[in-house]
Amino acid sequence: MKLKRKFTDFLLNWRSHHGKECLLVKGARQIGKTFTIDSFGRDNYASYLYINFQTNPEYREIFSGSLEAADILRKISGVFADFRISAGSTLIFLDEIQICPRARTAFKPLAIDGQVDVIASGSLLGLTFLDDDATLNRERRESSIPVGYERQATMYSLDFEEYLWAVGYRTEVIEDLLLDPLASLQPVPDIVHKKLQRHFRDYIVTGGMPEVVTNFLCANSYNVAFEIQQKILTANLDDISRYAPTAEKPKIRACYLSIPKQLARENKKFKYSAVVEHGRSRMFFSSIDWLRESALVFQCHNVEAPDIPLRAYRKDDCFKLYASDTGILTSMMGFPVVRTILDNSIKGFAKGGIYENVVMGLLIRCGYDPSYYLPKSNLSEIDFLIENEKGIIPIEVKAGNDSSVSFDRFLERPDVEFGYKFVNGNIGKSGKKITLPHYMVAFIDKVR
């Protein structure tokens, strides 16, 4: 099964407008970066070359010595005898570029030369981590970022719309079933609504990791999905053990594994004491940074004031952590939790935490950078705040369909045009409050 990814459209747009820029694609492991970029290269260029520094570390020698474009291309032609440059239609894809820092430094001469397009991809980029290779550690310290000649983009695991494509929904059907009701704020037909709710619960359980989604749909088995998620979780923990600084390894691991417990308790912020007894921020500051930069988690900060720009009012020491893939989160909670999500019988704070996590992830995938609002009184918390050309938009997430006094009160602010409340229900509107089913969060960026 070949999954359709939105990132392909981004790559097509980059090819047409990149000018003198190479592209660096960041993101967590196993989200489909390599497959998507490789398919794009094969489908859209007359000449395409794939170089993987992890499977073939000897290719690092191509970028040793001179980094002049002519010298690099000469070495490439010597290693890959069938490589030819086709004017205006040649792509070189440098995969796992974190293993060859000098290849990233070479972006500038290759971009200026202009004979080939260059896309690179990697994980754990920008992190300070240890490796057994002393030469590689030295290259990381000495390499430079090609400012002005590098464009960065982040790729994520599948969002809910991409999941619906995988299930078999065509784009035009999604527009008819979802975008039209969203634009007019009319309820989705009940039979369709119930079907989409079921698909959304499946998405919460499977998440968006391509290997999980593909095998789940082929085998029609939640057990198969869970087994693959456990394998991915083990790989994430192995990355921490291998790459994190020695002193940080146990702390990073403990913070990561505490996320289900933090969300299940519906904490007002990330509590270090839930990681280890008597835990303090100074113990875990670097650990949180590592998890965020490795794309294993999303960090959502509390703001002192719900005003534009939200980033200017963020509190560095008050935040929540969410798993970057909701399926990995539910697998961390165990298979019994998976069953209760599927039959919609899960109760308590854990249910609210899971739904917050999936909404946070989908807002990120829509291009937003959410914050949350928790006044000093610890009352009237607003789950998420986003901003666009219409100003600040408050978002409330309810696992059920109960009311929220704090959200209603926030909507009374004259500078707030409207707010979204995501519930286990259908579309509705009351004053400034727009009530939407949970699955609609994946589409709010399409209607302004």
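Student: In which helix does Lys261 have its place?

Tutor: Lys261 sits in helix 13, which covers residues 259-264. Please bear in mind throughout that this is a predicted model.

Student: How should I decide whether Lys261 counts as buried, partly exposed or exposed?

Tutor: The general idea is to look at relative accessible area: under 20% is buried, over 50% is exposed, and values in between are partly exposed. Lys261 has a relative accessibility of 35%, so it counts as partly exposed.

Student: Which residues form a positive surface patch with Lys261?

Tutor: Lys261 is joined by Arg265, Lys269 and Lys271 in a positive surface patch.

Student: What should I look for in a salt bridge, and how many does a search of the whole structure find?

Tutor: The general idea is a side-chain nitrogen of Lys or Arg within 4 Å of a carboxyl oxygen of Asp or Glu. A search of the whole structure gives 25 salt bridges. One of them pairs Lys231 with Glu211, whose closest N and O atoms are 2.6 Å apart. This pair links distant parts of the chain, 20 residues apart: Lys231 belongs to helix 11 (residues 222-243) and Glu211 to helix 10 (residues 210-219).

Student: Are Lys231 and Glu211 buried or exposed?

Tutor: Neither word fits. Lys231 is at 43% relative accessibility and therefore counts as partly exposed. Glu211 has a relative accessible area of 31%, so Glu211 is partly exposed.

Student: Which residue forms a salt bridge with Glu248?

Tutor: The partner of Glu248 is Lys251, and the closest N and O atoms are 3.4 Å apart. Glu248 has a relative accessible area of 14% and is therefore buried, whereas Lys251, at 23%, is partly exposed.

Student: Which residue meets Asp415 in a salt bridge?

Tutor: The side chain of Asp415 meets that of Arg413, with an N to O distance of 2.8 Å. Asp415 is partly exposed because its relative accessible area is 42%; Arg413 counts as partly exposed at 23%. Elsewhere, salt bridges with shared partners join Lys6, Asp159, Glu161 and Lys446 into one network.

Student: How can I check the span of helix 17?

Tutor: The general idea is to take 1.5 Å a residue and to compare the expected span with the distance between the end C-alpha atoms. Helix 17 comprises 17 residues (349-365), so it should span 24 Å; its end C-alpha atoms are 25 Å apart, which agrees.

Student: How many residues of helix 17 are buried?

Tutor: Helix 17 is mostly covered, with 16 of its 17 residues buried. Ile354 is located in this helix. At 1% relative accessibility, Ile354 counts as buried because it lies under the 20% cut-off. Sequence distance and spatial distance should be read separately. Ile354 and Ala323 are 31 residues apart in sequence, while their C-alpha atoms are 9.7 Å apart in space.

Student: Where is Asp316, and which residue may be compared with Asp316 in this way?

Tutor: Asp316 is placed in strand 7. Asp316 is separated from His301 by 15 residues in sequence and by 7.0 Å in space, C-alpha to C-alpha. With 62% relative accessibility, Asp316 counts as exposed.

Student: What should I expect of phi angles and peptide bonds in general?

Tutor: Most residues other than glycine have a negative phi, and most peptide bonds are trans. It is therefore worth noting the exceptions to this general rule.

Student: What is phi near for Gln30, and where does Gln30 lie?

Tutor: Gln30, a residue other than glycine, has a positive phi near 65°. Gln30 is in the loop between strand 1 (22-26) and helix 2 (33-44). Its relative accessibility is 34%, so Gln30 counts as partly exposed.

Student: What is phi near for Leu124?

Tutor: Leu124 is also a residue other than glycine with a positive phi, here near 60°. Leu124 has its place in the loop between strand 4 (117-122) and helix 6 (134-142). At 7% relative accessibility, Leu124 counts as buried.

Student: Which phi does Gly367 take?

Tutor: Gly367, just after helix 17, takes a positive phi of about 100°.

Student: Is the peptide bond from Ile308 to Pro309 cis or trans?

Tutor: The bond from Ile308 to Pro309 is cis, and its omega is near -5°. Pro309 is found in the loop between strand 6 (297-303) and strand 7 (314-323).

How values were computed. Residues are numbered from 1 along each chain as its sequence is written. This is a predicted model: local features need pLDDT of at least 70, side-chain atom pairs count only at pLDDT 80 or more; totals for chains, interfaces and linings use all residues. Side-chain values use heavy atoms; hydrogens and water are left out. Patches are made of residues with over 30% relative accessible area and no salt bridge: like charges are joined within 9 Å, nonpolar side chains (Val, Leu, Ile, Met, Phe, Trp, Tyr) within 5 Å. Accessible areas come from the Shrake-Rupley method with a 1.4 Å probe; for residues, only the protein chains shown count as cover. Lys and Arg count as positive and Asp and Glu as negative; His and the chain ends are not counted. The place of a charge is taken as NZ of Lys, CZ of Arg, CG of Asp or CD of Glu. Helices (H or I, at least four residues) and strands (E, at least two) are DSSP runs, numbered from the N terminus. Buried means under 20% relative accessible area, exposed over 50%, partly exposed in between (1.4 Å probe, protein chains only). The expected span of a helix is 1.5 Å times one less than its number of residues.
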